[in-house]
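Good morning, colleagues. Please take a moment to look at the sequence and the structure on the screen before I begin.

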Amino acid sequence: LYYIDYFVKIMNQKNSLGLNSCFLDLNDPIQLFKEWMDEAKKTELNDPNALSLATADKNGIPSVRIVLLKDFSKYGFTFYTNLDSPKSLHVESNPNAEMCFHWKSLQRQVRVSGSVNRVKDEIANKYFSSRDYGSKIGAWASEQSKILQNRNELLKRIDGFKKTYPETKNVPRPENWSGWILDPKTIEFWLSGQNRIHERLRYYKESNNWEKKLLNP
């Protein structure tokens, strides 16, 4: 009963905008995102940093897939991938993209939209060096999203690159593997509500300053 009473008390607390107290009273959405991500790390069983990444090609044909967020700051939200993959080809021709995080355990969602740019080589190198050996070899072996005739074809390439780079601490980053960073223009925070009367708060970037507005459910 104590935990039920505590949960009800927390859910009934409001911030200055009349939203649930989990929205806090912050002018910086990056800080609010950090708070929500920290909570998600406590409650999500697998990959709290998983997000749906939506892109579109030069003709406007959309595509969406799950990727993992590897870093975020005031400069943007970073993920890594093969530069020959469809997602990379999309953002090269159409840099507009959107990320959507959904944390079912918290009944929360965050949408981040903006433009995508390549990270600097030194940043990509640093992250690549932090990966485990198998993931490094996989980056070399996988021709991401291209047709694979059979599984053995991939396994042979993996074995081949293990022979090429036998030293686990000395695997260079492939030239066609790097990171992308989404520079946010809007960030929307969403909390599920009873009777689908959800709570929504959107931050807009205006002249490098953030403004925030309530949205209807």
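How many helices and how many strands does the protein chain have? There are six helices and nine strands in the protein chain. I should state at the outset that this is a predicted model. The C-alpha trace spans about 60 × 45 × 30 Å along its principal axes. The protein chain has 217 residues, of which 38% count as buried. As for the contacts with a separation of 6 or more, 58% are accounted for by residues 24 or more positions apart.

Let me turn to the interior. The largest nonpolar core comprises 33 residues. Phe-33, Met-99, Phe-101, Trp-103, Val-110 and Phe-189 are the residues with the most contacts inside this core. Two or more residues each come from helix H2 (29–43), from strands S1 (50–56), S4 (76–82), S5 (96–103) and S6 (108–118), and from S7 and strand S8 (199–206). The element that gives the most to this core is H2, with six residues.

Which residues does Phe-189 touch, not counting those up to four places away in sequence? The list includes Phe-23, Pro-29, Leu-32, Phe-33 and Trp-36. Also touched by Phe-189 are Gln-109 and Val-110, together with Glu-199, Arg-200, Leu-201 and Tyr-203. Another core, of 12 residues, lies apart from the largest one, and among its members are Tyr-80, Ala-139, Val-171 and Ile-181.

I now come to helix H5, residues 133–141. At its start, a side-chain oxygen of Asp-132 reaches to within 3.3 Å of the backbone nitrogen of Gly-134. Which residues of H5 are buried? They are Tyr-133, Lys-136, Ile-137, Ala-139 and Ala-141. The cover over these buried residues includes helix H4 (121–130), helix H6 (151–164) and strand S7 (177–191).

The pairing of H5 with H6 deserves a closer look. Their axes come within 9 Å and cross at roughly 115 degrees, and the crossing of H5 and H6 is right-handed. On the H5 side, the participants are Tyr-133, Ile-137, Trp-140 and Ala-141. These meet Leu-154, Arg-157, Ile-158, Phe-161 and Lys-162 in H6. What is the character of the residues in this contact: nonpolar, polar or charged? Seven are nonpolar, two are charged, and no polar residue takes part in the contact of H5 with H6.

To close, two points may be kept in view together: Tyr-133, Ile-137 and Ala-141 are among the buried residues of H5, and these three residues also take part in the contact with H6. Thank you for your attention.

Definitions and conventions
Residues numbered from 1 in each chain as written. Predicted model: local features only at pLDDT ≥ 70, side-chain atom pairs only at ≥ 80, totals over all residues. Heavy atoms only, no water. Buried < 20%, exposed > 50% of the residue type's maximum accessible area, 1.4 Å probe, protein only. Helix = DSSP H or I, 4+ residues; strand = E, 2+ residues; numbered from the N terminus. Contact = heavy atoms within 4.5 Å. Polar contact = N/O pair within 3.5 Å; in protein donor to acceptor, adjacent residues only side chain to side chain. Axes fitted to C-alpha atoms, helices over the stretch in contact; angles between N-to-C directions. Left-handed = near helix turned anticlockwise from the far one by under 90°. Nonpolar A, V, L, I, M, F, W, Y, C, P; charged D, E, K, R; others polar. Core = buried A, V, L, I, M, F, W, Y, C linked by side-chain atoms within 4.5 Å.
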